[in-house]
Amino acid sequence: MSDATDKQPEGRFSGLAARLTVELVIGLGLAAVLLLVAWASSSAIKFVYGGY
Amino acid sequence: MADDLLARLKSLVGYVPTVWSLVRIACFAVLGLVVAGLVVPSHPGDASVSPYNRVKGAQRSQVVSLPLGDTRGFQPTDHPKAFRIAWVGGSEMLGVRPGHPSVVPGLVNNRLKSVDGRRTRTDIYFLNALRLADELAAVKRAVAAKPELLVISLNPVWVLNDLAVQQWGYLDGLLARGSVWPPSSWPVAASLVSPGDAGWKALSGVSGPVNDRLYWGTDLIGRTADLSFLDDVEGGKEPPLTGLGRLAQKSAVNFWQEHDGSPRDTMSGKELRLRLLRRGVISESSFNVRVLQEMFATARRAGVDTYFYLPAIAPEAYAEPQGAEDVKELRKQLAAATKGETNSRVVFDPQGLQDRVPPTPYKDFIHKLDPFPEVKVLTGDLCSLLQRRGHQTGCEAP
């Protein structure tokens, strides 16, 4: 990353890299939260047997 | 909290989100779920655990229902060399003789023997207390598995009964997936499906661990059930239920039965069942009719030979003047509801099996002790349908 930074205008690349890194972390965090909610809510379905 | 986080990100790395940031975050989240699907082991459902797979008639047929609460619903079998039949229905298609349980679809399957030189195999989409909307979800799942013959049982007590159009809400995701197209499917789906049902089902298509969420959820609960911030109290007693708590323990059907003016305490079981049948007849539920018509439309669109049938109620109940009158009215309403819904491939006789199956002992209003008289009639009807559709059958003579 530091090599690439040397070849690019400092502000523009570091801004894009930081932006994508932040968004990647948020996106993966969101995926993890979705998985946990999916699992945690799966057995929360309540059954009432109609009996007939 | 989001504002604080954004302010911190801005001060730390100069991050300011745009509209495109949301798109990229969504893409990264989907990517994360796809990667999770590649990393987390798959746990397909096991329908063979159903106790109805070990009863009479289950030799070449299988109940494909997954355990209650599994939003995958059903696990169709894969027998590419067989003539594949899908049969959808509730407990009315069981034989319930004590010590000798049986499944009507399996018994019929064995009598059909072979079609076009291929042995028949039947996937049974069975759930206890299956109601009409649950049945529609099962039909949607069944046609997606591309059977060559589809058979659908319409329980006379529930088919037009507004007391309970749905019992198993966890099947709503299947209903959503099967109702994406055409738009004519949307009204029924929109009446029952929540955004959560549709969203989880959509994510299930992206990521295996979401699809297998009952397995992983059960595992997670098992590991974390003992974790609590609350103190354990030795010898504590639960407080008595409040009125609402007692209400929550009742099924909706029983609640409405108790509050529809019936002198419940003085009625026999047979009278209660007859009243339930009558409720279906007098309710004139337009929503049930709409769900029923959607079931027929689904079968027509699938282009699969389909046989709908109305099983008989117990002969003793039919012998009652009120029982006979209600069955007559039910036939009339079903004929009106399904007018124009059938064709050469999708067949239904609103008269049902009541006058065609010889009287046989029942356990109660709808559950047969001896299913064989019905099996004979159904085998004959399905043989006739298959032969009319140009198939060579190895059916036993009815």
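In the predicted model, the buried residues of helix H4 of chain B pack against three strands and three helices of chain B, namely strand E2 (83–89), strand E6 (118–126), strand E7 (149–153), helix H5 (172–178), helix H6 (186–192) and helix H13 (286–302). H4(B) is mostly covered, with 11 of its 13 residues buried. The buried set opens with a run from the start of the helix, comprising B:Leu132, B:Ala133, B:Asp134, B:Glu135, B:Leu136, B:Ala137, B:Ala138, B:Val139 and B:Lys140, and is completed by B:Ala142 and B:Val143. Among these buried positions are the charged side chains of B:Asp134, B:Glu135 and B:Lys140.

The length of H4(B), which covers residues 132–144, agrees with expectation, because 13 residues at 1.5 Å a residue should span 18 Å and the end C-alpha atoms are 19 Å apart. H4(B) is followed by B:Lys146, which has a positive phi, near 55 degrees.

Elsewhere in chain B, B:Asp46 is found in the loop that lies between H2 and strand E1 (61–63). This residue has a relative accessibility of 40% and therefore counts as partly exposed, the class between the limits of 20% and 50%. The side chain of B:Asp46 is in polar contact with that of B:Ser48, at 2.6 Å. B:Asp46 and B:Val64 are 18 residues apart along the chain, and 8.4 Å separates their C-alpha atoms.

Helix H2, which precedes this loop, also takes part in the contact between the two chains. That contact involves 45 residues of chain B and 28 residues of chain A. An area of about 3,100 Å² is buried between the chains, and carbon and sulfur atoms give 73% of this area. One salt bridge is counted between chain B and chain A. It is formed by B:Arg24 and A:Glu23, whose closest N and O atoms are 2.5 Å apart. Polar contacts between the chains amount to nine residue pairs, with both residues at pLDDT 80 or more.

On the side of chain B that touches chain A, the elements giving two or more residues are helix H1 (2–13), helix H2 (19–39), helix H7 (195–206), helix H8 (208–211), helix H9 (213–224) and helix H12 (269–283). The largest share, eight residues, comes from H2(B). By residue class, this side of chain B divides into 28 nonpolar, 11 polar and six charged residues.

How values were computed
Residues are numbered from 1 along each chain as its sequence is written. Chains are lettered from A and ligands numbered from 1 in the order in which they are written. This is a predicted model: local features need pLDDT of at least 70, side-chain atom pairs count only at pLDDT 80 or more; totals for chains, interfaces and linings use all residues. Side-chain values use heavy atoms; hydrogens and water are left out. Contact means heavy atoms within 4.5 Å. Buried area is the accessible area (1.4 Å probe) that two parts lose on being put together, summed over both. A salt bridge is a side-chain nitrogen of Lys or Arg within 4 Å of a carboxyl oxygen of Asp or Glu. A polar contact is a pair of N or O atoms within 3.5 Å; within protein, one must be able to donate a hydrogen and the other to accept it, and residues adjacent in sequence count only if both atoms are side-chain atoms. Helices (H or I, at least four residues) and strands (E, at least two) are DSSP runs, numbered from the N terminus. The expected span of a helix is 1.5 Å times one less than its number of residues. Buried means under 20% relative accessible area, exposed over 50%, partly exposed in between (1.4 Å probe, protein chains only).
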